[in-house]
Amino acid sequence: MAHAIALPRLMRIGAGASALLPEVLAQLGLQRPFIVTDPYLAGSGRVEALVEGLRGAGLQAAVFSDTVPDPTVASVEAALAALQAGEHDCVVGFGGGSPMDTAKAVAVLARHGGAMRAYKAPHLQDAPGLPIIAIPTTAGTGSEATRFTIVTDAETDEKMLCIGLAYLPVAALVDYELTLTKPRRLTADTGIDALTHAIEAYVSKRANPFSDGMALAAMRSIAPNLRRVWADPGDRAAREAMMVGATQAGIAFSNSSVALVHGMSRPIGAHFHVAHGLSNAMLLPAVTAFSAPAALARYGACARAMGVAAEEGEGIAVERLIAELRALNAELEVPSPAAYGLNAARWRELTPLMAKQALASGSPANNPVEPSAAEIEALYAEVWAG
């Protein structure tokens, strides 16, 4: 069986890679970049450094810095209007998942038009938009290497998953030095997000030999280093391993798929505005325990890649994996939805809708156990108090 594999055309990985943006644009024959970023990065001096590098190469860039966490249709449309005010031949996503997701959506709408909802899965958008160059500043989403973007419809509180080669960056500049100043909470949440990507890509029904290799490599990079960057944000070797692992995990799930954790996570983000990596972390131990009996060998391999099991039987390896995920949440101070302060009555009220939206996303169908709506509702109830 042949598997369809898609990757960025160019990747620059390592310290200082973000400074290579002018060189990469020249290689791609691009000259008029539109940079999409967030207010924090715009105020930190990072964006100005990027723009100065472009100026030094004789290139002028426009900057849109009003992206929002969990980009909405309205925020994407604002970015699109800013792009259309000039003449740009590419879009640079500079930041975490939200700026990169916004950049991807803008790149497609700029060329194809229409409403964002029209691009929601199961629609497949392979016809290219403007070229996308991705520069991640967190070791988490892997969006620099994926063919997905997610935009929230604020009218329905639905996170719309959009799929297709049009969202795959043509180039990714993966510079771990950009993560050295990230706060501990963001470091933890994005790190567990990347670990979730790797685990779900490996246990997914759509896994293949290529994605397996990337997923296992990602787990080997992330698992021993996540606690290190939590304890010491300036640990350069651990930061580099986390950044490489996050990109490998992005490649893995882009060429396989995510599964039940992500299907359940998106509605939590849409309705309660919990950061995506944090909602993944809240769910990962319980969903793993629910799913593992259907794929003991796969989850056992995850345990071994993460270094928490050796040659034990699969059952013991899986027990150690689940124990490790729970311990990781405890040590990285991941709160339950209840401890995070979400409204209990609203959680219970919205649980049936969240279960319905999780199933509609398609991700749970890739899970080793394809759950019913009732089973998803039970999992939401289980994770409520942790």
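A search of the whole structure, which is a predicted model, finds two cavities of 30 Å³ or more. The largest of them has a volume of about 70 Å³, and the second largest has a volume of about 40 Å³.

The wall of the largest cavity is made by Thr138, Ala139, Thr179, Lys182, Leu186, Thr187, Thr190, Gly191, Arg239 and Met242. Two helices, α6 and α9 (236–254), each supply at least two residues of this lining, and the largest share, four residues, comes from α6. Sorted by class, the lining of the largest cavity holds three nonpolar, five polar and two charged residues.

Around the second largest cavity one finds Ile199, Glu200, Val203, Val261, Leu284, Val287, Thr288, Tyr299 and Asn367. Here the elements that give two or more residues to the lining are α6 and α11 (276–291). The class make-up of this second lining is six nonpolar, two polar and one charged residues. Helix α6 therefore appears in both accounts, as a supplier of at least two residues to the lining of the largest cavity and of two or more to that of the second largest.

From the cavities we can turn to the charged side chains, where the count comes to 15 salt bridges, with a cut-off of 4 Å between a side-chain nitrogen of Lys or Arg and a carboxyl oxygen of Asp or Glu. One of these pairs is Lys205 with Glu370, whose closest N and O atoms are 3.9 Å apart, a distance that counts because the rule accepts contacts within 4 Å. This pair links distant parts of the chain, 165 residues apart, with Lys205 in the loop between α6 (184–203) and α7 (209–222) and Glu370 in the loop between α15 (344–360) and α16 (373–384). Glu370 has a relative accessibility of 49%, so it counts as partly exposed, given that exposed means over 50%.

A second pair joins Glu331 to Arg227, with the closest N and O atoms 2.7 Å apart. Because Glu331 lies in helix α13 (residues 314–331) and Arg227 in helix α8 (residues 226–231), this salt bridge ties together parts that are 104 residues apart in sequence. Glu331 counts as partly exposed at 43% relative accessibility, and Arg227 is likewise partly exposed, with a relative accessible area of 25%.

Helix α13 also takes part in another salt bridge, in which Arg304 and Glu314 bring their closest N and O atoms to 3.1 Å. Arg304 belongs to helix α12 (residues 296–305) and Glu314 to helix α13, the two residues being 10 apart along the chain. Both partners are partly exposed, Arg304 with a relative accessible area of 26% and Glu314 at 30% relative accessibility. Elsewhere, salt bridges are joined into a network, which links Arg117, Lys120, Asp153 and Glu158.

The surface offers a further feature of another kind, a nonpolar patch formed by Ile5, Leu7 and Phe210, which together have about 220 Å² of accessible area. Phe210 lies in helix α7 and counts as partly exposed at 32% relative accessibility, a value that satisfies the requirement of over 30% for patch residues.

Technical notes. Residues are numbered from 1 along each chain as its sequence is written. This is a predicted model: local features need pLDDT of at least 70, side-chain atom pairs count only at pLDDT 80 or more; totals for chains, interfaces and linings use all residues. Side-chain values use heavy atoms; hydrogens and water are left out. Buried means under 20% relative accessible area, exposed over 50%, partly exposed in between (1.4 Å probe, protein chains only). Patches are made of residues with over 30% relative accessible area and no salt bridge: like charges are joined within 9 Å, nonpolar side chains (Val, Leu, Ile, Met, Phe, Trp, Tyr) within 5 Å. Accessible areas come from the Shrake-Rupley method with a 1.4 Å probe; for residues, only the protein chains shown count as cover. On a 1 Å grid over the protein atoms alone, a cavity is a set of points where a 1.4 Å probe fits but cannot get out, and a pocket is an open set with protein on both sides within 12 Å along at least five of seven lines; lining residues have an atom within 4 Å of a point. Grid points are joined across faces, edges and corners, and a volume is the space filled by probe spheres set on the points. Ala, Val, Leu, Ile, Met, Phe, Trp, Tyr, Cys and Pro count as nonpolar, Asp, Glu, Lys and Arg as charged, and the others, Gly among them, as polar.
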